[in-house]
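The paragraphs below lead through the structure by way of single residues, a helix, the nonpolar cores and a pocket. Please keep the sequence and the model in view while reading.

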Amino acid sequence: KEVTKYLLICEFIFYVIYLSFDFLGKVDNFIEADVSWMKVFYYFFYKSPLILAQMMPPSMLISIIIVFSLINRRNELTALKSHGIDLLGCFMPVFAFAFIISIFLFLFSELVVPYTSSAYNKIWLIDVEKRNPSYIFGLGRIWYKGDGIFYQMEGFDPEEKLMRRPTLYFFNRSFELMGRIDARNAVWDGNEWVFKRGIRQQRDDSGIFIPWKFKEIRLKLKETPGCFIRKEKSPEEMSYWELKRFSKRLGLEGYDNTKYRVDLNFKLSFPFIVFVMTVIGIPVAIRIHRGGIPFAILVGILISFLYSVAVLYSRNLGFSGAFHPFLCAWLPNFIFIAFGVFLFRGVER
């Protein structure tokens with residue numbers, strides 16, 4: 001009951017602080033873009049679930065530290081030990097509560113945050129940056145597997161519906177190469193693709209590829225411009241399963257999906273930071289005998305900061321390919337929970 005009370009208080013305080021700094025950092029952009037105050041309100045309203053989710057771990061840590069600092073200050077733990085009661089058994093309800101909050105945070109991040117994040121990002125993209133919300137990924141060369149065709153191109157312009165430097169590989173059902181087209185560009189005329197200035201190679205019955213140059217050829221293919229247009233989403237705009245499918249599709253289409261695989265694993269590891277913070281917070285609060293509650297809170301903020309640095313560093317290692325995505329996502333949790341267990345060993349039971 002006490003942990004819940006202080007958790008709600010800390011969550012509200014962190015939410016207000018985060019929102020205030022975010023507003024001060026973006027208010028100039030809203031004014032320059034002449035965005036109405038109602039749009040500004042909706043932007044921060046839709047962003048609130050993401051802020052609440054991100055502030056949950058430090059709020060849990062600070063609330064645990066406050067509650068157990070108060071308990072320790074009133075010598076309640078000493079009273080329990082003097083009656084032969086195992087302290088670890090007394091802590092179990094708090095651990096169970098933290099685990100439930102972790103599950104709730106995962107569900108909240110899956111069912112609420114993706115939709116609200118998409119809404120506030122759309123406001124920022126369209127109303128502030130004045131950009132078209134649909135665009136192709138700029139991740140180097142584009143590969144796309146079509147119906148018996150592999151597409152390769154340097155880029156795609158969704159507004160002009162234009163392929164840049166396309167190369168098409170045609171295969172039969174036995175996956176034998178039957179032809180190839182290299183062109184300067186290809187544009188969609190509403191019904192078919194118009195390839196301009198290139199070379200077409202066609203395989204004859206003897207297996208020899210016969211090339212010829214062309215100024216313009218028209219092909220009616222199953223793939224339309226919509227196949228090459230992607231609305232780029234940030235990981236917080238997607239649920240775990242949506243991000244998993246998205247990452248897999250990027251890999252199949254030739255994109256580097258390392259970033260999304262890392263974020264996919266972080267979607268699972270992040271909610272359990274709440275449980276890790278609980279394991280660390282209890283022994284920290286019990287071990288602090290000087291400085292009172294303000295000092296204990298300061299220690300909690302320092303631990304949250306160190307955890308954020310560890311997550312950021314580990315995430316960058318995952319993006320660079322130095323660590324496996326699973327390892328980089330869970331490594332900070334493993335390190336800090338081991339640290340919490342180590343602190344528990346020094347607590348008299």
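S69 is found in helix α2, where helices (H or I, at least four residues) and strands (E, at least two) are DSSP runs numbered from the N terminus. With a relative accessible area of 9%, S69 is buried, a term that stands for under 20% relative accessible area, while exposed stands for over 50% and partly exposed for what lies in between (1.4 Å probe, protein chains only). Leaving aside residues up to four places away in sequence, S69 touches A285, I293 and A296, contact being taken as heavy atoms within 4.5 Å.

The model is a predicted one, in which local features need pLDDT of at least 70 and side-chain atom pairs count only at pLDDT 80 or more, whereas totals for chains, interfaces and linings use all residues. Residues are numbered from 1 along each chain as its sequence is written, and side-chain values use heavy atoms, with hydrogens and water left out.

Helix α2 also matters for the account of the nonpolar core, by which is meant a set of buried Ala, Val, Leu, Ile, Met, Phe, Trp, Tyr and Cys residues joined through side-chain atoms within 4.5 Å. The largest such core has 66 residues, of which F30, F68, F91, I282 and V284 touch the most other members. Two or more residues of this core are given by each of α1 (2–32), α2 (37–73), α4 (87–111), α5 (113–128), α7 (258–269), α8 (273–287), α9 (292–320) and α10 (325–345), and the largest share, 18 residues, comes from α2. Apart from this core lies another one of 21 residues, among them I149, M163, A183 and W188. In soluble globular proteins, nonpolar side chains tend to be buried together. Returning to F30, its contacts, not counting residues up to four places away in sequence, are V35, V40, Y43, F44, W124 and V128.

Helix α7 is mostly covered, since 9 of its 12 residues are buried, namely T258, Y260, V262, D263, L264, N265, F266, K267 and S269. What covers these buried residues includes α4, α6 (240–252), α8, α9 and α10. At 1.5 Å a residue, the 12 residues of α7 should span 16 Å, and the end C-alpha atoms are 17 Å apart, which agrees; the expected span is 1.5 Å times one less than the number of residues.

W241, by contrast, has its place in helix α6 and is exposed, with a relative accessible area of 52%. The C-alpha atoms of W241 and M55 are separated by 23 Å, the two residues being 186 residues apart along the chain.

Two further residues can be taken together for their backbone angles. Most residues other than glycine have a negative phi. F175, in the loop between β5 (167–171) and β6 (177–188), nevertheless has a positive phi of about 65°, and F175 is exposed at 53% relative accessible area. R197, in strand β7 (residues 193–203), likewise has a positive phi, of about 50°, and counts as exposed at 57% relative accessibility.
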